[in-house]
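Reader: I have a structure open and would like to learn how to read its features step by step. Could we begin with the way strands are put together?

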Amino acid sequence: AARGSDEITWWQNDGDENFIEHTIDDNFDGAYDVYATDLDGDGDVDILGAAQNADDIVWWENDGSQDFTRNNITMPYYQLDGARSVYATDVDGDGDIDVLGAAGDYGIDGPENGSITWWENTGNIPPAVTTALPDVTIAEDTYSVIIVPTMGEHFTDANQEDILSYTASALGAGLDSLSISSGLIVYPTENFAGYVDIMVIASDTYGASVADTLMLTIENINDAPVVITALPDVTIDEDNFGTIIISALEDYFNDIDQGDSLSFLGNVLGEGLDSLSISSGESFAASGSMTNDNQTQVTTSSRRSRLVRGSNKNDFPVQQTLRDKSAQQNIIFGNSDNEAMAPHRNISTSRTDPTPLIVYPTENFVGNIEIVVIASDLAGESVADTMTLTIVDYRPNISSLTDVPQDQGRQMKIQWAPGHMDEPDYITQFSIWREVPTDTADLWDFITTVPWIGSEENYSRIVPTLGDSTVDTTYYSTFRVTAHTEDVDLYHDSEPVTGYSIDNLHPTAPQGLIAVQNGASVILQWLSAEDEDFNYHNVYRENLDTIDSADVFTTVDSFFVDLDIPTGSWQYYVTAVDSSGNESDPSETVSVILSSDLEPLIPAEFALHQNYPNPFNPTTQIRYDLPEDTYVSITIFDIMGRKVKSLINTTQDAGYRYMNWDATNDLGQPVSAGMYIYTIQAGEFRKTKKMVLLK
C-alpha cells in the first residue's frame, strides 16, 4: 500500500526471485494498509486495503487470472474515519471470512481515540423487485417524457444499504434514446407508433442485479403527408397528347404514418389542358368532362400528330403520304376503388403500383401551365405541391400566305418562323410542300428546300399555285413547311395553310372606239383585245342630259348594238375585263345625239337571243326581237320547272329589246347558283333557252 501515490500493488515472483510489479488500484486515496486472503472462498487470493484519506475499507476480487474488481466494504455515510489497518478472519465462526479494520486517532467523524470495526460476510443478497414496473401509454410525437418517476418504488436493496444503480435498454425500434437515474425518461423516434419493450436493471454495489420489463405503447396520431422531393418542371412537345409527365407520384410524396396509403388529386391552374389523369397502374375506361379553375368547360377533341417519324430514308421524296393519326380521346378519371369524384378533379388512391400523372394538352396550345398535385391520407390530411408544365411547339409556324402583288398570278409568298429548338442547330433545313387536290389520299407535292440559317428568325419563299382565283370562282392552294433534323426520320410538319393567288395586272384599255348611228340604235366598234387572259368587255352608256349613273352592258365581241335608244345626248366608253375580274382603264369616249324624227329600225322576225354574259354573276342581259307590236311575257324557271321570276308581262312596240336580270326572284331575294331556264311568249312566238348563274 503506497500512501503517497494512492496505489495498491503486488509483485509477481517468476520462481527465480525476480519480481514483476502489477498495480491493482492507482486511485486508492491515502492507501495505508493491505492484506491478502481468499475472501470469497473461490480458491484464489483476493486483496483487502485500508485508505486513511478516503476512510474506506475495500476488497479487490481476483477472477483467477489476477484481474481484480474493486468492491467497497464501507459505504457512503458508513465509512471508517481515518482507516489505517485491515485484517481478515472468521470472526463469528460461521465458516466464512469476515473483515476487521482499525481507525486512526483523527478521523473525520469518529472519536478522537480511534475505533476497531468488523464487517460480517453475509454472502451479499441481490436487489429485488418490490413492485412490477407498470406498462405506460403515451401519444406519438411526445418527446422527452418521464414514464417512471421513481425507480426506488419498484426496486429495493436486500442488504438494506439502499444503494442501487440502474440501467435501461429498449428491446426493438421506436426510441431514439432513454435516460435513467432516479426516474426513467424516454425519447421516442419521430412519427413512430407502436409498442416498445423496455428492460430496467437494478444493481447493488457488489454487482448483484435484478431486472424487470415494461411495455411502452406509443399511440398513433395521424400526421399529414409530406413532400419528400419537389415535383419537377417538365417540358413536352405540343403534339404529345396523353403523355405521362410523372411516372410515380410516390417518388415525391410520402405518408409518414406506417400502414397508411395516399390518394392523389390534380388541379390545373389556367388554360392549356383538356384534362389530366391520375391512376394507380390499373386500367380505367371511365369517361366524362372536367372543368378548369377558370370554369371553362373542357371537351374531348380529335388530335393529329404533328411529329412524324417516317420510314422513308429519302430527305425529300417527290410525294409524301401522311397517315392521319387522329384519335378520339376521352377524358379519363380513375382511382383504384372506382370512387365517385367531383367533375373538376382527378383522383387516385395509391396501392403498390406507381401512380402516374398523365396530361392531355389542348390542341395547338403552347405555353406554361401550373399543375397542383394534392396528396391526401386516409384521415383527410393532405399536402400539395405545384409543378410547371411547359408545352413547346417544334413545328414551323406559317405566319402568312399572301398573293404576290402586281403579277400575272399563279404564285404566292409564304412566310414562316422556326418552331421551338432545344439547341441552336436542332434544325438543319426546311422543305415546302403543296397539297395535291384529291379525295382519295393525303398527297403532297414537294416544292423546294430552304437551308437553315441560324441567325434568321423568319423565312419566306415564292411558291407556285395550281391556279388563280377569279370573280367567278376561288381556286385554293394549300401549303405546309417541314423542319428537318439531322435524323432523317425525325421532322416536324407545320399546320397546313390555305390561300389563293390572283392576277393583279389589269387588261389593256380598248382602242379605236367608234359609234355609228342607225335610226334609234347605235352601233359601237373597237379593236379586238390582245390580252391572253381577256374575258369580256363592259360597255358603259351615260345619258348626258341627266345625272343618272351609267348603264353597263357586257359582250365578248369587239362591237355592240344599242337598240331603241330614247332621244337625247348619249356618251359611250368600253373597258376590258380579264378572267380574274380585273377591269382595264376606260377607252376614249364617243358621243351621239338622237332626235325624235329618226326612223327606228324594225326586226324582220321574232327572236330570243342567248343571254350575256353566260355564265354570269350577278347580272345578265337577255335580248329579243319584236317585228310587230305584241303582248310579251318573259319568265325564268329553275331546273325543276318552278317559276322564279317574271321579267316582263306587258304589250311592247316592235323593235330590238332587252331585259336585265339581277339573279333575284319575284320577292327580290337572291337565288342560289345553278342552271336556269328563260322563256319568251310573244303572240304565237315561243322560245326557250338556258343560262348558268355562278356564285
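Author: Let us take one sheet in this predicted model. It is an open sheet of 3 strands in the order β48-β49-β52, and the pairing is antiparallel. The edge strands are β48, residues 607-608, and β52, residues 655-661, each of which pairs on one side only.

Reader: Over how many bridges do β49 and β52 pair?

Author: Strand β49, which covers residues 620-626, pairs with β52 in the antiparallel sense over 7 bridges. To see one of the partnerships in the display, find Asp-625, whose bridge partner in β52 is Tyr-656.

Reader: Turning to loops, is Gly-467 buried or exposed?

Author: A residue counts as buried when its relative accessible area is under 20%. Gly-467 has a relative accessible area of 7%, so it is buried, although its place is in a loop, the one between β37 (459-464) and β38 (477-484).

Reader: Which residues is Gly-467 in contact with, leaving aside its neighbours within four places in sequence?

Author: With those neighbours left aside, Gly-467 is in contact with Arg-410, Tyr-475 and Ser-501. You can also look for Gly-409, which lies 58 residues away along the chain, while its C-alpha atom and that of Gly-467 are separated by 7.9 Å.

Reader: Finally, which residues make the nonpolar surface patch?

Author: Ile-639, Met-640 and Met-675 together make a nonpolar surface patch of about 320 Å². To locate Ile-639, follow the chain to the loop between β50 (630-638) and β51 (643-652), where this residue is found.

Methods:
Residues numbered from 1 in each chain as written. Predicted model: local features only at pLDDT ≥ 70, side-chain atom pairs only at ≥ 80, totals over all residues. Heavy atoms only, no water. Patch = residues over 30% accessible without salt bridge, like charges linked within 9 Å, V, L, I, M, F, W, Y side chains within 5 Å. Areas by Shrake-Rupley, 256 points an atom, 1.4 Å probe, with all protein chains shown as cover. Salt bridge = Lys/Arg side-chain N within 4 Å of Asp/Glu carboxyl O. Helix = DSSP H or I, 4+ residues; strand = E, 2+ residues; numbered from the N terminus. Pairing = 2+ DSSP bridges. Buried < 20%, exposed > 50% of the residue type's maximum accessible area, 1.4 Å probe, protein only. Contact = heavy atoms within 4.5 Å.
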